[in-house]
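Reader: I would like to go through this chain with you, one question at a time, with the cut-offs stated as we go.

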Amino acid sequence: MFAYKHGYLSDLLWQKQSLRHLHLDRLPKPFPLKERSKENRAHRHQLGIRSGDKQREALREKVNALDYQKKFPNSTAYGLLLRECSSQKALPEGRRVHAHIIRAGLEQDTFLANLLLTMYSKCNDMEHAFSIFDSLQNKNVFSWTAIIGACLEHENDEEALRLFQKMLHQGLKPDQVTFVVALGACSTRDALSKGKLIHDLIVAGGFESNVIVGTALVNMYARCGNLEVARQLFDQMPERNVVSWNAMISSYAQNGQSKEAIQLFHKMQSTGLKPNKVTFVNVITACSDSGDLVNGRAMHKLLSEKGLESDLVIGTALVNLYGKYGALEDAKHIFEKLTPKDVILWNAMITAYVEGGHRTEAFQLFRLMQQQRMEPDKVTYLNILDACQTSADLSQGQKLHGQIAKRGCGADIVVKTALVGMYSRCGSLEDARKLFKELPERDTIACTAMIGVYVQHGHAKEALQLYGEMKREGVYLDKVATMSILDACASLSALEDGKRVHEYIVKREWTSVAVVKTALINMYSKCGSLKDARLVFDNMSERTTVSWSAIIGASSQHGQGEEVLYLFGQMQQEGFKFDEVTLLSVLSACSHSGLMDEGHQYFASVDHPSLTVDHYCCMIDLLGRAGRLDEADKLIRGISFQSDALLWMTLLGASRIHGDMERGKCAAERLLELDPQNASAHVVLSNIYAAAGKWKDVAKVRSLMEGKGIKKEPGHSLIEVNSTVHEFVVGDKSHPQTFEIYQELERLIWQIKSVGYVPDLNLVLHDVEGEQKEDMILYHSEKLAIAFGLISLPQEIPIRIVKNLRVCADCHTAIKFISRVVDREIFVRDARRFHHFWDGACSCGDYW
């Protein structure tokens, strides 16, 4: 940041410090400037340009010359050598100079001690830096500033502020550089109070009008999230140079206020002050973040006029801009013109291809990069791993993993986390799990990635277990992980866990984030608490189409047909346009509530090109449930994508409900032509035959399934008790409390039979005797889960069950009776919808 030659400023390399902490000269993400300089050196090395080696050799000769001098040099000569050691990070030579200083008896020379402290800090030897500082008897302001700056350089902001406070207690007055360094240590919202105290000291010391200190104050407030005060200070500065303008522009850009950054740039131009490269990079980044391609192109034109288009840093920013918004030809044109290319430019172009979905081109560029002897860095691998998205890319991902290990990047936690994500996307859960377990330290990013992997692959239990481990280990849970955990709670209907996550969200003050609230609506809905879902929705200060769709979908799943139509009307009255997801929820609600006229009306009101297979399935389901199978059949045959298997599956289900064997057989045949391995089609067709007593046809279908290796998905039910999810299957006897569960269930069956329950033996689709049929139907998984809930949960807590298949008619009837005899609310979420049982009735009105 600071291009000023101010005293000992260059010794501390404040330019580098300000880049890290004041965010002024940072390149567009994800390319930090620190890595850029490192890679530039690598690039020069590959080209055979070894100016650094020559300088190091010259320094080594100077240090060697000390051994042959008869007299000890003076402090100035030692100081010049130490400065060279610092700038070249030449620790061995620096130690030898230190040894000469000790022999010369100058170790207590404050000037040399300060330079030694700086040299050790620059060479990453903080132990010796602190040792020199602690042993120095006459510490001056420079000494304190140097050690505070060293802590800042090594990202130990807390220690830097502690030392600054200790310096004040010893009666030393900070100068402008000390204040700049201390402000640099205030880099988060939590440090704002300390930053304000330093601001008070600056005012008291009369430094507020200093352009360097004023700029540092602007940056401090911006970093701590108080842009309003940062702008006030900027506007009040008596003198502003290009660095000051860059500071404020960068502050806006870094805090997501890109439009304000662009406006301030135009205001800067109106003052007659010429922008520099840093300004242009900040403004291009702001255009990129805000999606302002028009201003971005205007900036490109201005840069071309000034002859700056060929600058590597600016060119990289332009590639990043065009790549982010899909203007790949523009990005490619700039990329090809820039020479020589560094690794950051290659990364920018690879990122453009990956984000644009052009994975093949990304891999081709990655190979070309290596052919031209440009070594990939960590960022390159992160980008190219992101290009591995499907199981077809797994072999490519495994090759990358091997290359990463060979290059020594495999131990990096960020790279390992990216590998976890790659294996997950490519369908290899075991590889992802294995890598995660090998991590030496599990941070927020790694745990978030693994939680996402578990949820994505349907392992919600493992996701919740990992979430519990994160809390016990004190690992911070970010918004992304929180959303994944809410999905896991929704999947398992783990309401109590979901409520605890909600408490965490409130504590973190994320309740104003629309996407988080929408996830909460989804979680409460799928956990059976529509009341809580509606409460979250009603308390939203800002609603979106997605949040409206979420609450409409929740009400639809809970069988609240009339409420869905009311909400749908309210959504449109408030000026929100519904999308295909909202319409699907509305049609589904009409289907499950028997609202034939309303469903017809909404279906007919939408342009047919906007309708998807799912919308047609809802309409076929609506007609099928009403027994209008001829109309449903006609609708399928009249649409352009009649070959879709889901349409015929819907008609097949409707045929089963109404016992239309011939139509069901026809639908099954069409379905199996399209999807020969469809297990559901075989099962439903078998059930139709069984219901009609055609056991030979049932046997044929089952034989056909065996021959094809098709297996019916086994039914299971889940229930959460004391934050533990228990799973049951039909006739399950694996639970530790099996005896008590069966004892409770038999008591329940006796009770409900005494008040009118009769098992529906027609639903047992096996050719067995009546007594066997009754045994087979009485021990379904949902009945076992309810019995376990009754012996495990207090009377006041509702029982919540998740069933992976549709609940059968007998269980539906039995649960209605159970809810009456035990005086208990029972929620069952099956594969299609929610059933809220209370006092012998169900919310679905027996229409499901």
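The exchange below goes from the whole chain to its cores, helices, sheet and loops.

Author: This is a predicted model, in which local features need pLDDT of at least 70 and side-chain atom pairs count only at pLDDT 80 or more, while totals for chains, interfaces and linings use all residues. Residues are numbered from 1 along each chain as its sequence is written, and side-chain values use heavy atoms, with hydrogens and water left out.

Reader: What percentage of the residues in the chain is buried?

Author: The chain has 45 helices and six strands, where helices (H or I, at least four residues) and strands (E, at least two) are DSSP runs numbered from the N terminus. Its C-alpha trace spans about 115 × 60 × 55 Å along the principal axes. Buried means under 20% relative accessible area, exposed over 50% and partly exposed in between, with a 1.4 Å probe and protein chains only. By that criterion, the buried share of the 848 residues is 51%.

Reader: Which helix gives the most residues to the largest nonpolar core?

Author: A nonpolar core is a set of buried Ala, Val, Leu, Ile, Met, Phe, Trp, Tyr and Cys residues joined through side-chain atoms within 4.5 Å. The largest one holds 202 residues, and I198 and L652 touch the most other members. The helix that gives the most to this core, with 10 residues, is α20 (residues 343–355).

Reader: Which residues does L652 touch, leaving out those up to four places away in sequence?

Author: Contact means heavy atoms within 4.5 Å. With residues up to four places away in sequence not counted, L652 touches G664, A667, A668, L671, A681, V684 and I688.

Reader: How many residues are in the second, separate core?

Author: This second core is separate from the one just described, and its members include V721, Y757, Y779 and A787. Its number of residues is 32.

Reader: Within what arc do the buried residues of α23 fall?

Author: Helix α23 (residues 394–406) has 13 residues and reaches 18 Å from its first C-alpha to its last, close to the 18 Å expected at 1.5 Å a residue, the expected span being 1.5 Å times one less than the number of residues. Its buried residues are G397, L400 and I404. An α-helix has 3.6 residues a turn, so residues three or four places apart point the same way. The buried residues of α23 therefore line one face of the helix, since the directions from the helix axis to their C-beta atoms fall within an arc of 60°.

Reader: Which residues are exposed on the other side of α23?

Author: The buried residues of α23 are covered by elements including α21 (359–371), α22 (378–386) and α24 (413–425). On the other side of the helix, the exposed residues are K399, A405 and K406.

Reader: How many of the 13 residues of α18 are buried?

Author: The end C-alpha atoms of helix α18 (residues 312–324) are 18 Å apart, which agrees with the 18 Å that its 13 residues should span at 1.5 Å a residue. The helix is mostly covered, and its buried residues include L312, I314 and Y322. The number of buried residues in α18 is 11.

Reader: What is the order of the strands in the open sheet, and which are the edge strands?

Author: Two strands pair if DSSP finds at least two bridges between them. The open sheet of six strands has mixed pairing and the order β2-β1-β3-β4-β5-β6. Since each pairs on one side only, the edge strands are β2 (724–729) and β6 (841–842).

Reader: What is the bridge partner of S717 in β3?

Author: Strands β1 (residues 716–721) and β3 (residues 799–803) pair in the antiparallel sense over three bridges. In β3, the partner of S717 is K803.

Reader: Where is S493, and what is its relative accessible area?

Author: S493 has a positive phi of about 55° although it is not a glycine. Its place is in the loop between α28 (479–492) and α29 (495–507). S493 is buried, and its relative accessible area is 4%.

Reader: What is omega for the cis peptide bond that joins T339 and P340?

Author: P340 is placed in the loop between α19 (328–337) and α20. For the cis peptide bond between T339 and P340, omega is about -10°.
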